[in-house]
Amino acid sequence: MPPRPLAIGPAGHAAAHAIERTRTARGYSQRQLADRVTALGRPMTFTALSRIERTVRRCDIDDLVAIATALGIAP
């Protein structure tokens, strides 16, 4: 049986909500933000971004830094 992924903790939930709030405040769709992240060299689909925002997928540190850069904020 493969190992189960680690659960998303409080910091992960807070980051996911902050990403969604900031994205919508900036007026970006998930597709637009994913395209901006990809343009920075961190390939990301809008589906992956949606899963991060819904806390279905963990947001690793590389994702967080790229998303924050694309949003113009500090990680």
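**Figure 1. The whole chain, and how much of it is tucked away.** Of the chain's 75 residues, 25% count as buried. Keep in mind that this is a predicted model. You'll find 4 helices and 0 strands here, so reading from the N terminus the elements simply go α-α-α-α. The radius of gyration is 12 Å, close to the 11 Å that the globule rule gives for 75 residues, so the chain is as compact as a globular protein of that length. Put a box around the C-alpha atoms along the principal axes and it comes out at roughly 40 × 25 × 20 Å. The accessible surface is about 5000 Å², and carbon and sulfur atoms make up 58% of that. Looking at contacts with a separation of 6 or more, 53% of them link residues 24 or more positions apart.

**Figure 2. Helix 2 meets helix 3.** Two packed helices are described by the angle between their axes and the distance between the axes. Here, helix 2 (residues 30-39) and helix 3 (residues 46-53) pack at about 110 degrees, and their axes sit 8 Å apart. That makes the two helices roughly perpendicular. On the helix 2 side, look for Q30, R31, L33 and A34; on the helix 3 side, their partners are F46, L49, S50 and E53. Sorted by class, this contact has 4 nonpolar, 2 polar and 2 charged residues.

**Figure 3. Helix 2 meets helix 4.** What angle do the axes of helix 2 and helix 4 make where they cross? Roughly 110 degrees, with the axes coming within 9 Å of each other. These helices are therefore roughly perpendicular to each other. Helix 2 brings L33, R36 and V37 to the contact, while helix 4 brings A66, I67, A70 and L71. The class split is 6 nonpolar, no polar and 1 charged. You may recognise L33 from the previous view, where it belongs to the helix 2 side of the contact with helix 3.

**Figure 4. The buried residues of helix 3.** Which residues of helix 3 are buried? They are A48, L49, S50, I52 and E53. Their cover includes helix 1 (10-26), helix 2 and helix 4. L49, S50 and E53 also turn up in the contact with helix 2. Just past the helix, have a look at T55: this residue follows helix 3 and has a positive phi, near 55 degrees.

**Figure 5. D63 and its surroundings.** D63 is part of helix 4, which covers residues 61-71. Why does D63 count as buried? Its relative accessibility is 2%, and the cut-off for buried is under 20%. Set aside the neighbours within four places in sequence, and D63 is in contact with R42, M44, I52, R57 and R58. Of these, I52 is one of the buried residues of helix 3. For a sense of distance, find L40 too: 23 residues separate L40 from D63 in sequence, and their C-alpha atoms are 11 Å apart in space.

Conventions. Residues numbered from 1 in each chain as written. Predicted model: local features only at pLDDT ≥ 70, side-chain atom pairs only at ≥ 80, totals over all residues. Heavy atoms only, no water. Buried < 20%, exposed > 50% of the residue type's maximum accessible area, 1.4 Å probe, protein only. Contact = heavy atoms within 4.5 Å. Axes fitted to C-alpha atoms, helices over the stretch in contact; angles between N-to-C directions. Parallel < 35°, antiparallel > 145°, perpendicular 65-115°, else oblique. Nonpolar A, V, L, I, M, F, W, Y, C, P; charged D, E, K, R; others polar. Rg over C-alpha atoms; globule rule 2.2 N^0.38 Å. Areas by Shrake-Rupley, 256 points an atom, 1.4 Å probe, with all protein chains shown as cover.
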